[in-house]
Amino acid sequence: MPLKVVDSTVSSFGGMFEKFRSDAPNYKANFILFLADKDPSTSLSWCPDCVRAEPVIYKKLEASPEDVTLLRAYVGDRPTWRNPQHPWRLDSTFKLTGVPTLLLWDSNNQAIKARLEDHEAHLEHKIDALLSCK
């Protein structure tokens, strides 16, 4: 089975995350990628770290021989993300500090098993390590 990708925003995340959690046992690896919205004028993310990391993450996840699902969670535009009261910054499960953040979701314990923060999410060997600890 190829990589399954589902997109969500802050407003749609609750429902999408519940579906992701219920479907997670059907996959060998389950990831959540928090990333910045695309700038409508350029069709690129406003976040340079996201622009650098996204192609590497997708390449690695698509190359996995396992069944993998990816929930992409868009944090919003730059002013929305910069707000210290952003819901994912305050969320006790996710505790986001930067984007992109790639999380490996443990479907058995319904918890984060491992994570790559913004400064490391583009590193192929780190993504490989995340894939191997599923």
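Student: Hi! Which residue does Lys 59 meet in a salt bridge?
Tutor: The partner of Lys 59 is Glu 124, and their side chains come to 3.0 Å, N to O. Keep in mind that this is a predicted model.

Student: Where do those two sit, and how far apart in sequence are they?
Tutor: Lys 59 belongs to helix H2 (residues 48-63) and Glu 124 to helix H5 (residues 124-132), so the salt bridge ties together parts that are 65 residues apart in sequence.

Student: Are they buried or exposed?
Tutor: Somewhere in between. Lys 59 is partly exposed at 45% relative accessibility, and Glu 124 is partly exposed as well, with a relative accessible area of 33%.

Student: How many salt bridges are there?
Tutor: The count comes to 11 salt bridges. One of them joins Lys 4 and Asp 23 at 3.6 Å, N to O. That pair links distant parts of the chain, with Lys 4 in strand S1 and Asp 23 in helix H1 (residues 13-23), 19 residues apart.

Student: And how accessible are Lys 4 and Asp 23?
Tutor: Lys 4 is partly exposed, at 29% relative accessible area, whereas Asp 23 is buried, at 16%.

Student: What about Glu 117, which residue does it form a salt bridge with?
Tutor: With Arg 115, and the closest N and O atoms are 2.7 Å apart. Glu 117 counts as buried at 16% relative accessibility, while Arg 115 is partly exposed at 26%.

Student: Which residues do shared salt-bridge partners join into one network?
Tutor: Lys 59, Lys 60, Glu 124 and Asp 128. So the pair you began with, Lys 59 and Glu 124, belongs to that network because salt bridges that share partners join these residues.

Student: New topic: why is strand S5 described as largely enclosed?
Tutor: Strand S5 covers residues 68-74, and 7 of its 7 residues are buried, so the rest of the structure largely encloses it.

Student: Which residues are on each side of S5?
Tutor: One side has Val 68, Leu 70, Arg 72 and Tyr 74, and the other has Thr 69, Leu 71 and Ala 73. They are all buried, which leaves both faces of S5 covered. As general background, side chains in a regular strand alternate between the two faces of the sheet.

Student: Which strands pair with S5?
Tutor: Strand S1 (residues 4-9) pairs with S5 in the parallel sense over 6 bridges. Strand S2 (residues 29-35) also pairs with S5 in the parallel sense, over 7 bridges.

Student: What stands opposite Tyr 74 and Ala 73?
Tutor: Thr 9 stands opposite Tyr 74, and Phe 34 stands opposite Ala 73.

Student: Let's look at Ser 8. Where is it, and is it buried or exposed?
Tutor: Ser 8 is in strand S1, and it is buried, with a relative accessible area of 2%. Leaving aside neighbours within four places in sequence, Ser 8 is in contact with Phe 13, Met 16, Leu 71, Arg 72, Ala 73 and Tyr 74.

Student: Last one, the backbone. Which peptide bond is cis, with omega near 0°?
Tutor: The bond from Val 99 to Pro 100. Pro 100 lies in the loop between helix H4 (87-90) and strand S6 (101-106).

Student: And which residues have a positive phi although they are not glycine?
Tutor: Lys 95 has a phi of about 45°, and Gln 110 has one of about 50°. Lys 95 is in the loop between H4 and S6 and is exposed at 53% relative accessible area. Gln 110 is in the loop between S6 and strand S7 (111-116) and is partly exposed at 28%.

How values were computed:
Residues numbered from 1 in each chain as written. Predicted model: local features only at pLDDT ≥ 70, side-chain atom pairs only at ≥ 80, totals over all residues. Heavy atoms only, no water. Buried < 20%, exposed > 50% of the residue type's maximum accessible area, 1.4 Å probe, protein only. Helix = DSSP H or I, 4+ residues; strand = E, 2+ residues; numbered from the N terminus. Pairing = 2+ DSSP bridges. Salt bridge = Lys/Arg side-chain N within 4 Å of Asp/Glu carboxyl O. Contact = heavy atoms within 4.5 Å.
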